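Q: Got a minute to go through this one with me? I'd like the basics before setting anything up.

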Amino acid sequence: QVQLVESGGGLVQPGGSLSLSCVVSGINFRFYRIDWYRQAPGKQRELVAGISFGGTTNYADSVKGRFTISRDNVKNTVYLQMNRLESDDTAVYYCNQPTFGAWGQGTQVTVSS
């Protein structure tokens with residue numbers, strides 16, 4: 001079955017950076033889109049960024065210019081580089097494969113001084 005495993009979360013100060021990884025198995029990774037979502041306490045899950053099988057990217061307005069999504073089709077991994085982090089970026093971050101409706105377990109990102 002499709003499995004997604006996130007890693008890289010943690011505690012960072014405002015203005016800092018983190019890089020998240022999502023390793024995907026169970027599908028022919030190079031042919032599928034992967035999205036990153038996040039869910040803050042008391043809020044709905046929201047789309048942060050996505051990357052198509054061809055490498056086309058899209059971002060939520062709130063993270064444009066600060067976050068970069070990329071993929072490595074050899075390592076079956078999607079990355080989310082997060083720079084200039086803000087307290088509003090605090091959330092559990094999930095990766096998602098929409099065709100199969102598969103989700104990872106999430107990784108916590110906390111931005112706090």
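A: Sure. One cut-off to start: a disulfide here is a pair of cysteine sulfur atoms within 2.5 Å. Also, this is a predicted model.

Q: OK, how many disulfides does a search of the whole structure find?
A: The search turns up 1 disulfide.

Q: Which residues form the disulfide, and how far apart are their sulfur atoms?
A: Cys-22 and Cys-95, with the sulfur atoms 2.1 Å apart. Cys-22 sits in strand β3 (residues 18-25) and Cys-95 in strand β9 (residues 91-97), so the link ties together parts 73 residues apart in sequence.

Q: Is the link of Cys-22 and Cys-95 right-handed or left-handed?
A: Right-handed, with 75 degrees about the S-S bond.

Q: And are Cys-22 and Cys-95 buried or exposed?
A: Both Cys-22 and Cys-95 are buried.

Q: Zooming out. How many helices and strands does the protein chain have?
A: There are 0 helices and 11 strands.

Q: What about overall dimensions of the C-alpha trace?
A: The C-alpha trace spans about 40 × 25 × 20 Å along its principal axes. The radius of gyration is 13 Å, which agrees with the value near 13 Å for a compact globule of 113 residues.

Q: What share of the 113 residues is buried?
A: Buried residues make up 42%.

Q: And the surface: how much area does the protein chain expose?
A: About 5900 Å², with carbon and sulfur atoms supplying 48% of it.

Q: How far apart are the mean positions of the positive and negative charges?
A: They are 5 Å apart, for 10 positive and 8 negative charges.

Q: Switching to backbone. What is phi of Asn-76?
A: Near 55 degrees, a positive value in a residue other than glycine. Most residues other than glycine have a negative phi. Asn-76 lies in the loop between β7 (67-72) and β8 (77-82). Asn-76 is partly exposed, at a relative accessible area of 23%.

Q: And what is phi of Arg-84?
A: Near 50 degrees, again positive in a residue other than glycine. Arg-84 is in the loop between β8 and β9.

Q: Last one, Thr-68. Where is Thr-68 found?
A: In strand β7. Thr-68 is partly exposed, with a relative accessible area of 41%.

Q: Which residues is Thr-68 in contact with, leaving aside neighbours within four places in sequence?
A: Tyr-59, Tyr-79, Leu-80 and Gln-81.

Q: How far apart are the C-alpha atoms of Thr-68 and Gly-106?
A: They are separated by 18 Å, and the two residues are 38 residues apart along the chain.

How values were computed:
Residues are numbered from 1 along each chain as its sequence is written. This is a predicted model: local features need pLDDT of at least 70, side-chain atom pairs count only at pLDDT 80 or more; totals for chains, interfaces and linings use all residues. Side-chain values use heavy atoms; hydrogens and water are left out. Helices (H or I, at least four residues) and strands (E, at least two) are DSSP runs, numbered from the N terminus. Buried means under 20% relative accessible area, exposed over 50%, partly exposed in between (1.4 Å probe, protein chains only). Contact means heavy atoms within 4.5 Å. The radius of gyration is taken over C-alpha atoms; the globule rule is 2.2 Å times the number of residues to the power 0.38. Accessible areas come from the Shrake-Rupley method with a 1.4 Å probe; for residues, only the protein chains shown count as cover. Lys and Arg count as positive and Asp and Glu as negative; His and the chain ends are not counted. The place of a charge is taken as NZ of Lys, CZ of Arg, CG of Asp or CD of Glu.
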